[in-house]
Amino acid sequence: MGEQADAGAGAGAEVRIPRPALVGVQRALIAVHAAVGLRATLQAISEGVTGSTPFAEVTVTTAREPDAADLHVEVVVGPPEALAQLLGTTCPRAALIEHLTGGEPWGALRFWSHFGQTEGVIMFVPDYEPLDVPDAWRPEFELMAPLYGPDGELIGTMSLDRPRDGRIPPPWANEILELFAEQAVIAILNARRHEQALRRMRSLEREKAALHAAVAAQYARETDLRDEARRDPLTGLANRVQLQERLEELLTAQIPVAVVFCDLDHFKRINDTHGHGVGDEVLRITGARLARRLADADVVARIGGDEFVVVAAGVRQQDAPGLLRRLDEAFAGDPVRIGDLSLHVSSSLGLVCEPGGAAGRPGSAAQRAEELLSSADREMYAHKRSRAGVRRLLQLAEIQPDAGA
């Protein structure tokens with residue numbers, strides 16, 4: 001083995017690297033340091049080694065994280081059977097360090113003249129007939145360039161095999177491999193830091209996205225709660241809170257508004273006769289009819305019991321009869337059908353108008369809104385009493401004896 005070792009190590013003689021080889025190394029190292037990411041860097045290292053040295057086959061093994069317990073075979077340039085056996089496998093760090101100690105030093109490289117299996121280190125031994133010359137490269141030979149970081153950490157190895165001319169390469173090839181190993185360490189460490197930074201950035205982006213999602217969910221919950229606080233739970237219409245807010249907004253903007261107070265007639269009788277379940281369904285159906293018929297109104301609200309309020313913006317006194325007619329049609333349309341029941345529902349209405357503009361009543365918007373609602377309520381009860389009085393007069397007329405009898 002003495003001749004082989006002398007050929008590989010150069011026996012201490014001055015080593016002159018051919019200029020074309022130096023040019024190839026320079027180009028290869030430019031590509032290595034320009035690569036982005038660990039996988040691309042390792043690929044560039046393997047291509048640089050095979051392109052600037054006599055070796056046609058290379059296996060690159062690295063630790064993906066500092067001081068990782070296992071190293072991974074990331075790149076294999078060689079025959080398909082070598083890729084199938086080696087690529088993607090792992091090697092315990094301790095086993096690889098033990099394996100390196102058994103190699104013959106060729107400068108910073110390690111050389112084995114015979115196949116020696118180290119437990120945990122997967123070896124590929126090619127099957128070919130070597131040249132019949134003293135310096136032939138044989139299938140059982142192994143040459144490895146350890147990759148040590150500045151702190152002495154073994155961050156990987158480059159395993160070289162199958163020189164193209166079938167002979168042990170000249171000493172200058174080992175010099176190139178040592179130079180390449182030094183630069184490969186720098187490139188791998190930079191790529192590893194880059195990927196660690198990318199992982200941290202992705203983690204931060206995920207955390208940011210999760211925070212945005214949490215904020216959006218919280219905002220949606222708050223929006224839902226605000227909406228629920230402004231909605232009547234039975235009919236889904238606006239409640240008194242939303243009614244008051246919107247009415248104040250219209251009054252503050254000095255927009256003419258009409259406020260109509262609606263009270264269902266004889267609703268208590270429905271509850272007493274058919275039960276509260278039927279009464280609730282009457283309220284739901286009635287509310288839905290009002291919302292459809294008065295879809296252009298600013299607010300259709302249920303403020304409690306059988307009382308509904310409609311606020312229509314832009315409606316002046318002269319427009320009031322048309323609004324009342326639409327409300328009458330909503331109540332006096334088809335009967336409310338619930339199962340086998342068919343119930344005729346009517347309502348007493350009270351309407352007041354706010355002219356808007358400078359002619360509006362004095363006081364704050366909140367005060368004026370309360371006044372409008374109270375006035376509409378009084379108008380509705382006046383309407384209800386008037387209709388009740390007419391019905392009583394008609395009933396009396398029906399039972400009064402004919403004066404001419």
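These legends go with five close-up views of a predicted model.

**View 1. The seven-stranded open sheet.** Here we have 7 strands in the order 3-2-1-7-6-5-4, paired antiparallel. Strand 3 (90-92) and strand 4 (104-106) sit at the edges, and each pairs on one side only. Going from one strand to the next, the twist averages 30 degrees. As a reminder, strands of a sheet pair through backbone hydrogen bonds, either parallel or antiparallel.

**View 2. Strands 5 and 6, with helix 3 on the sheet.** Strand 5 (residues 109-112) and strand 6 (residues 142-148) are antiparallel partners, with 3 bridges between them. To get your bearings, look for R110, which stands opposite M144 in strand 6. Helix 3 (residues 38-52) packs on the sheet, where it touches strand 1 (55-62), strand 2 (70-77) and strand 7 (154-163). The direction of helix 3 makes about 155 degrees with that of strand 1.

**View 3. The largest nonpolar core, with M158 in the picture.** This core counts 37 residues, and I45, L143 and M158 have the most contacts inside it. Among the elements that each supply at least two residues are helix 2 (19-34), helix 3, strand 1 and strand 7. Helix 6 (171-229) is on that list too, and its 10 residues are the largest share of the core. Now for M158 itself: leaving out residues up to four places away in sequence, M158 touches I45, V49, T59, V60, L143, M144, A145, L147, L177 and A181. There is also a second, separate core, with 31 residues that include F267, I270, A330 and C353.

**View 4. The hairpin of strands 9 and 10.** Strand 9 (residues 299-304) is mostly covered, with 5 of its 6 residues buried. Strand 9 runs antiparallel to strand 10 (residues 307-313), and 5 bridges join the two. At the turn end, G304 has E307 in strand 10 as its bridge partner. That leaves 2 residues between the strands of the hairpin, and G305 in the turn has a positive phi of about 55 degrees.

**View 5. D306, a buried acid in the loop.** D306 lies in the loop between strand 9 and strand 10. What is the nearest side chain of opposite charge to D306? That would be K384, but it is 6.0 Å away, and D306 has no salt bridge although it is buried. Setting aside neighbours within four places in sequence, D306 is in contact with C262, D263, L264, F267 and L283. One of these contacts, F267, also belongs to the second core.

How values were computed:
Residues are numbered from 1 along each chain as its sequence is written. This is a predicted model: local features need pLDDT of at least 70, side-chain atom pairs count only at pLDDT 80 or more; totals for chains, interfaces and linings use all residues. Side-chain values use heavy atoms; hydrogens and water are left out. Two strands pair if DSSP finds at least two bridges between them. Helices (H or I, at least four residues) and strands (E, at least two) are DSSP runs, numbered from the N terminus. Axes are lines fitted to C-alpha atoms, for helices over the stretch in contact, and angles run from 0 to 180 degrees between N-to-C directions. Contact means heavy atoms within 4.5 Å. Buried means under 20% relative accessible area, exposed over 50%, partly exposed in between (1.4 Å probe, protein chains only). A nonpolar core is a set of buried Ala, Val, Leu, Ile, Met, Phe, Trp, Tyr and Cys residues joined through side-chain atoms within 4.5 Å. Lys and Arg count as positive and Asp and Glu as negative; His and the chain ends are not counted. A salt bridge is a side-chain nitrogen of Lys or Arg within 4 Å of a carboxyl oxygen of Asp or Glu.
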